[in-house]
Amino acid sequence: MGDLTLKGVNMERNTVISQALNWLGKNEKDSSFKEIIDIYNSNKPLPRGYKVKYTDSWCAVFVSALAVKCGITEKIPVECSCGRMIEKAMAKGIWVEGDGYIPKAADIILYDWNDSGKGDNKGWPEHVGIVEKTENDLITVIEGNLNNKVARREIKVNARYIRGYICPEYTDAVSVKKEYY
C-alpha cells in the first residue's frame with residue numbers, strides 16, 4: 001500500500017477555459033458570434049449602460065461573456081472596452097503590469113498593437129483574450145474577434161504587444177483524486 005495524496009485542480013479556471021473552448025469557431029460570417037454578444041447584453045446592469053451592437057468590436061465582450069456565462073462577474077471585470085477592463089482590474093488589485101509574467105490558465109491577456117518594443121508597454125490596449133495554457137514560454141490564447149471569429153493565438157512570454165494581465169482571484173475549489181504508490 002502507498003501514501004494517499006490529494007491532487008488539486010482549480011475548478012473555476014477549468015470552467016472558464018471549457019466555455020472558451022466551446023465557443024471556438026463562433027464567427028461573424030455565419031452570425032454564430034451573436035450568442036456571445038447576447039450573453040454580454042443579458043448582464044444587468046450593463047457597464048456604462050451601453051448595449052453592445054453586433055457591429056461593435058467584441059474581444060472584450062467575449063471575455064466578459066465568459067464571466068457572465070460562468071457566473072463569476074464579481075471576479076472578471078465585465079466591460080466592452082479593453083482599457084476600461086484594465087481600469088476595473090486595477091481598482092480590484094488584480095492587474096499585473098509586467099509582460100514577463102508567466103500567465104496561468106484563465107488569466108486574461110491584453111495587447112497594445114502600438115507597442116514600440118522599447119521599455120514597458122503602457123499604451124491603450126486594443127485587444128484581449130483568455131489564456132488557455134502556458135507551456136515552454138509559449139502562451140496559447142483564445143480570443144474573440146480574432147479575424148472576426150473566436151480563435152487561438154500563440155505568443156511568447158514577454159513578447160512585444162503584451163500590455164499586461166488581469167489575474168482574477170479564482171476560488172481554489174479542489175477536486176480530489178486518490179493516488180496510491
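This passage describes the β-sheet and selected salt bridges of a predicted model.

The sheet is open and contains six strands, arranged in the order β2-β7-β3-β4-β5-β6 with antiparallel pairing. Its edges are formed by β2 and β6 (149-156); each has a single partner strand, so one side of each is left without a neighbour in the sheet. At the β2 edge, two bridges join this strand to β7, and the two run antiparallel. Within this part of the sheet, W95 is placed opposite I166 of β7. A helix also packs against the sheet: α3 lies across β3, β4 (127-135), β5 (138-146) and β6. The direction of α3 is at about 60° to that of β4.

Side chains of opposite charge can pair when their charged atoms come close. In the model, nine salt bridges are found. Among them is the pair formed by E79 and R48, with an N to O distance of 2.3 Å. E79 is located in the loop between α3 (59-70) and α4 (82-92), whereas R48 is located in the loop between α2 (34-42) and α3, so this salt bridge ties together parts that are 31 residues apart in sequence. The two partners differ in their exposure to solvent: E79 has a relative accessibility of 1% and counts as buried, while R48, with a relative accessible area of 54%, is exposed.

E79 also forms a salt bridge with K88, for which the N to O distance is 3.5 Å. K88 is partly exposed, and its relative accessible area is 33%. R48, E79 and K88 are thus linked in a network of salt bridges. In this network, E79 takes part in the salt bridge with R48 and in that with K88.

A further salt bridge is formed by the side chains of R163 and E97, at 2.4 Å from N to O. This pair links distant parts of the chain, 66 residues apart: R163 belongs to strand β7 (residues 162-166), and E97 to the loop between β2 (95-96) and β3 (108-111). R163 counts as buried, at 7% relative accessibility. E97 is likewise buried, with a relative accessible area of 18%, a value that falls under the 20% cut-off for burial. The strand that carries R163 stands between β2 and β3 in the sheet order.

Key
Residues are numbered from 1 along each chain as its sequence is written. This is a predicted model: local features need pLDDT of at least 70, side-chain atom pairs count only at pLDDT 80 or more; totals for chains, interfaces and linings use all residues. Side-chain values use heavy atoms; hydrogens and water are left out. A salt bridge is a side-chain nitrogen of Lys or Arg within 4 Å of a carboxyl oxygen of Asp or Glu. Helices (H or I, at least four residues) and strands (E, at least two) are DSSP runs, numbered from the N terminus. Buried means under 20% relative accessible area, exposed over 50%, partly exposed in between (1.4 Å probe, protein chains only). Two strands pair if DSSP finds at least two bridges between them. Contact means heavy atoms within 4.5 Å. Axes are lines fitted to C-alpha atoms, for helices over the stretch in contact, and angles run from 0 to 180 degrees between N-to-C directions.
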